[in-house]
Amino acid sequence: MSQTNILAIETSADETSVAIGQGHATKKTFRLLGHVVYSQIHVHRKTGGIVPEVAARAHIPKIIPAVKLALKKAKIRLQDINALAVTTGPGLITSLMVGVDTAKTLAFALGKPIIPINHLEGHLLSALFTPSPREGRVGKGLFPALGLIVSGGHTLLVFIKQIGHYKMLGQTLDDAAGECFDKVAKLLGLPYPGGPALAALARAGNPKAVDFPRPMIDSKNFNFSFAGLKTAVLYFLRDRGSPLLSPRGRGMKGEGFQLKANIAASAEQAIVDVLVAKTLRAAKEYRVKTVLLGGGVAANQKLRQTLKIGLKQEIPTSNLRLPTSELTTDNAGMIALAAFYHYLAHDVTTFDKVKANPNLELRSWR
Ligand code: KG4
Ligand code: ZN
């Protein structure tokens with residue numbers, strides 16, 4: 001059979017997501033037929049961050065409705081699913097278990113194989129859905145590639161010899177890029193999750209207003225460090241006795257608003273400069289043909305634009321693949337696509353072999 005229907009589940013953090021994807025083995029194409037992402041943002045806004053126990057509980061009433069809705073959108077019956085796929089890690093153990101147990105139960109009841117997927121491999125391959133936003137095709141000449149994953153939990157540079165063959169080049173030594181966006185946003189009194197709010201505010205600011213540090217931009221390796229940037233923003237505000245640090249100052253209009261926007265734009269510029277500089281250097285050193293961007297921070301327009309311009313100037317022959325916004329933050333669509341490549345390589349298993357692992361590392365599987 002050349003058509004394969006995959007039902008994928010992603011619950012590693014705070015999105016309950018189910019995707020139905022259809023792959024074509026001979027054409028090597030993959031289409032998303034149905035995709036549901038239930039966000040828990042409204043739940044976690046009250047605490048200003050994810051409380052793991054709360055996140056896991058919030059997945060439970062949503063997971064079966066998400067499966068039903070994804071099937072309905074895809075116009076596919078449960079019995080027509082050929083394989084299950086699920087994120088087994090890394091992530092919050094209690095959240096992961098909701099998705100893993102649901103997928104295992106479905107695999108057992110349907111008598112179908114299951115494909116455990118590393119969340120990071122999902123982010124890494126999410127840009128392969130482009131140029132058509134819902135159709136993935138691995139064209140000839142894309143590899144070797146470089147993947148930059150930038151999310152709330154991870155900042156990684158990965159050399160991709162081919163799909164399934166990965167080498168970690170560098171990662172953050174402390175905070176992830178998304179975490180840095182979120183922490184700076186919190187200092188400025190912006191609502192959770194801070195990344196998109198900070199990016200929106202930055203549009204009204206001057207990115208050259210404050211010369212924040214670019215940590216490790218000139219270091220010889222491909223590692224990152226973003227914790228110092230948040231501290232630099234804090235000290236900048238404190239040194240000026242800024243009213244932004246008091247609850248009253250946060251709602252300021254006029255001059256106060258402009259200062260806040262300038263800080264947002266300057267901090268965003270510092271994060272983007274480091275990410276782009278290291279990515280370009282790795283792309284040149286490893287002579288890659290393609291750069292793939294993935295993870296929640298891949299939604300950031302400044303990062304997308306700066307990377308695009310930088311690559312065009314420095315490696316004009318390279319391709320840049322950017323995920324559509326639907327596939328940047330956590331989603332099951334990217335898990336379904338990654339699972340299809342495992343399926344093509346017959347890398348599938350049975351429900352009794354699958355286990356959640358909160359510390360799962362990205363490894364080569366061929
Ligand atoms: O991939 P993701 O949904 O979850 C993890 O696996 O961590 O990424 C979430 C992160 C958060 O830190 C969020 O603030 C950040 O992605 N983010 C952004 C933007 N949209 C989401 N950061 C900067 N600019 C954005 N537009
Ligand atoms: Zn993620």
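Modeller: In this predicted model, N223 has its place in the loop between α6 (194-202) and α7 (227-239).

Colleague: Why is N223 called buried or exposed, whichever applies?

Modeller: The relative accessible area of N223 is 19%, and buried means under 20%, so N223 counts as buried.

Colleague: What makes the approach of the N223 side chain to Q171 a polar contact?

Modeller: The side chain of N223 reaches the backbone nitrogen of Q171 at 2.9 Å, and a pair of N or O atoms has to lie within 3.5 Å, so the distance satisfies that cut-off. Leaving aside neighbours within four places in sequence, the residues in contact with N223 are G170, Q171, L173, M216 and K278.

Colleague: M216 appears in that list, so how do you know whether M216 is buried, partly exposed or exposed?

Modeller: M216, which lies in the loop between α6 and α7, has a relative accessible area of 24%; buried would require under 20% and exposed over 50%, and therefore M216 is called partly exposed. The phi of M216 is near 60°, a positive value in a residue other than glycine.

Colleague: Why is a positive phi worth pointing out?

Modeller: Because most residues other than glycine have a negative phi. R287, in the loop between α8 (255-285) and β10 (290-294), also has a positive phi, near 50°.

Colleague: What makes R287 count as buried or exposed?

Modeller: The relative accessibility of R287 is 69%, and the cut-off for exposed is over 50%, so R287 counts as exposed.

Colleague: Which peptide bonds are cis, with what omega?

Modeller: The bond from F143 to P144 is cis, with omega near 5°, and P144 lies in the loop between β6 (135-137) and β7 (145-150). Another cis bond joins Y192 and P193, with omega about -5°, and P193 lies in the loop between α5 (177-187) and α6.

Colleague: How do you know that H119 has a polar contact with ligand 1?

Modeller: A polar side-chain atom of H119 lies 3.4 Å from an oxygen atom of ligand 1, and the limit is within 3.5 Å, so the pair qualifies. Backbone atoms take part as well, with G153 at 3.1 Å from an oxygen atom of the ligand and G195 at 3.1 Å from an oxygen atom of ligand 1. Taken alone, ligand 1 exposes 560 Å², of which the protein buries 87%.

Colleague: Where does ligand 1 sit, and how many residues surround ligand 1?

Modeller: Ligand 1 sits in the largest pocket and is surrounded by 18 residues, the closest being G152, D182, G296, N300 and D330.

How values were computed
Residues numbered from 1 in each chain as written. Chains lettered and ligands numbered in written order. Predicted model: local features only at pLDDT ≥ 70, side-chain atom pairs only at ≥ 80, totals over all residues. Heavy atoms only, no water. Helix = DSSP H or I, 4+ residues; strand = E, 2+ residues; numbered from the N terminus. Buried < 20%, exposed > 50% of the residue type's maximum accessible area, 1.4 Å probe, protein only. Polar contact = N/O pair within 3.5 Å; in protein donor to acceptor, adjacent residues only side chain to side chain. Contact = heavy atoms within 4.5 Å. Near = heavy atom within 4 Å. Areas by Shrake-Rupley, 256 points an atom, 1.4 Å probe, with all protein chains shown as cover. 1 Å grid on protein atoms, 1.4 Å probe; cavity = no way out; pocket = protein on both sides within 12 Å on 5 of 7 lines; lining within 4 Å. Sits in = over half its atoms within 2 Å of the grid points.
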